[in-house]
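Subject: the model you asked for

Hi,

Here is the structure, handed over as it stands. Have a look at it first, and my notes follow underneath.

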Amino acid sequence: MRPRRIFITGLIILFAACVTFGAHYMRIPSAKGRQHIENLPIKEVFSSGQLTFRAENKETKAVLSIYESSLSPDAALHEIINAMTQQGWLVALSTQSMAIFEGKKGKCAAAQAYISQDGTTTASVIMQR
């Protein structure tokens, strides 16, 4: 049980750091401004949201996707959780604003949804390919 707790805690820290890094350092644009979307062949997990940012870390094969939506954060996260479980991910931990997933062969993913400064819902998903 202890290794799983350490794994989940590490994943939460990694996800928070990635979102913070992406929002601060890369200046994630809103849908109203310019967009950065890398063309990566992945299955979308939030079809109701508008993709505003996507990039991949080539070393870790981690893909960060940022979406904006008019849905509430709860509804956005619920849709992401449903899409991820349909793709074979298992929910390792879920709270009201974020979820952490375990995949096959030790892969992991995390999703978060919150109200941004302009009042829209921003949802972010980071997953290993």
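Which strands do the buried residues of α2 pack against? They pack against β4, β5, β6 (108–115) and β7 (121–128). Contact here means heavy atoms within 4.5 Å, and buried means under 20% relative accessible area, with exposed over 50% and partly exposed in between (1.4 Å probe, protein chains only). Helices (H or I, at least four residues) and strands (E, at least two) are DSSP runs, numbered from the N terminus.

Some housekeeping before the rest. This is a predicted model, where local features need pLDDT of at least 70 and side-chain atom pairs count only at pLDDT 80 or more, while totals for chains, interfaces and linings use all residues. Residues are numbered from 1 along each chain as its sequence is written, and side-chain values use heavy atoms, with hydrogens and water left out.

**The helix and the hairpin**

Back to α2, which covers residues 73–86. This helix has 14 residues and reaches 20 Å from its first C-alpha to its last, close to the 20 Å expected at 1.5 Å a residue (the expected span is 1.5 Å times one less than the number of residues). Its buried residues are Pro73, Ala76, Leu77, Glu79, Ile80, Ile81, Ala83 and Met84. As background, an α-helix has 3.6 residues a turn, so residues three or four places apart point the same way. Gly88, just after α2, takes a positive phi of about 100°.

Two of the strands facing the helix, β4 (residues 90–94) and β5 (residues 98–102), run antiparallel and are joined by 4 bridges; strands pair if DSSP finds at least two bridges between them. The hairpin from β4 to β5 goes through 3 residues, and Ser94 stands opposite Ala99 in β5.

**The cores**

The largest nonpolar core holds 19 residues, and Val45, Tyr67, Ile80, Met84, Phe101, Val125 and Met127 touch the most other members. At least two residues of this core come from each of α2, β5, β6 and β7, and α2 gives the most, with 6 residues. Apart from it lies another core, of 12 residues, including Ile8, Phe15, Ala55 and Ile100. By a nonpolar core I mean a set of buried Ala, Val, Leu, Ile, Met, Phe, Trp, Tyr and Cys residues joined through side-chain atoms within 4.5 Å. In soluble globular proteins, nonpolar side chains tend to be buried together.

Ala110 is worth clicking on. It sits in strand β6 and counts as buried at 1% relative accessibility. Leaving aside residues up to four places away in sequence, Ala110 touches Phe15, Ala99, Ile100, Phe101, Ser124, Val125 and Ile126. Ala110 and Leu64 are 46 residues apart in sequence, yet 9.7 Å apart in space, C-alpha to C-alpha.

**Charged and polar pairs**

How many salt bridges does a search of the whole structure find? It finds 2, a salt bridge being a side-chain nitrogen of Lys or Arg within 4 Å of a carboxyl oxygen of Asp or Glu.

- Arg54 and Glu44 meet through their side chains at 2.9 Å, N to O. This pair links distant parts of the chain, with Arg54 in strand β2 (residues 50–57) and Glu44 in the loop between β1 (36–37) and β2, 10 residues apart. Arg54 is buried at 3% relative accessible area, whereas Glu44 is partly exposed at 38%.
- Glu56 and Lys58 meet at 3.5 Å, N to O. Glu56 counts as buried at 14%, and Lys58 is exposed at 59%.

Arg54 has a further partner: a polar contact of 2.8 Å joins its side chain to that of Ser65. Polar contacts are pairs of N or O atoms within 3.5 Å; within protein, one must be able to donate a hydrogen and the other to accept it, and residues adjacent in sequence count only if both atoms are side-chain atoms. Ser65 is in strand β3 and is buried, at 3% relative accessibility.

**Backbone oddities**

Lys61 and Lys105 are non-glycine residues with a positive phi: near 60° for Lys61 and near 60° for Lys105. Lys61 is in the loop between β2 and β3 (62–69) and is partly exposed at 49% relative accessibility. Lys105 is in the loop between β5 and β6 and is exposed, with a relative accessible area of 83%.

Cheers
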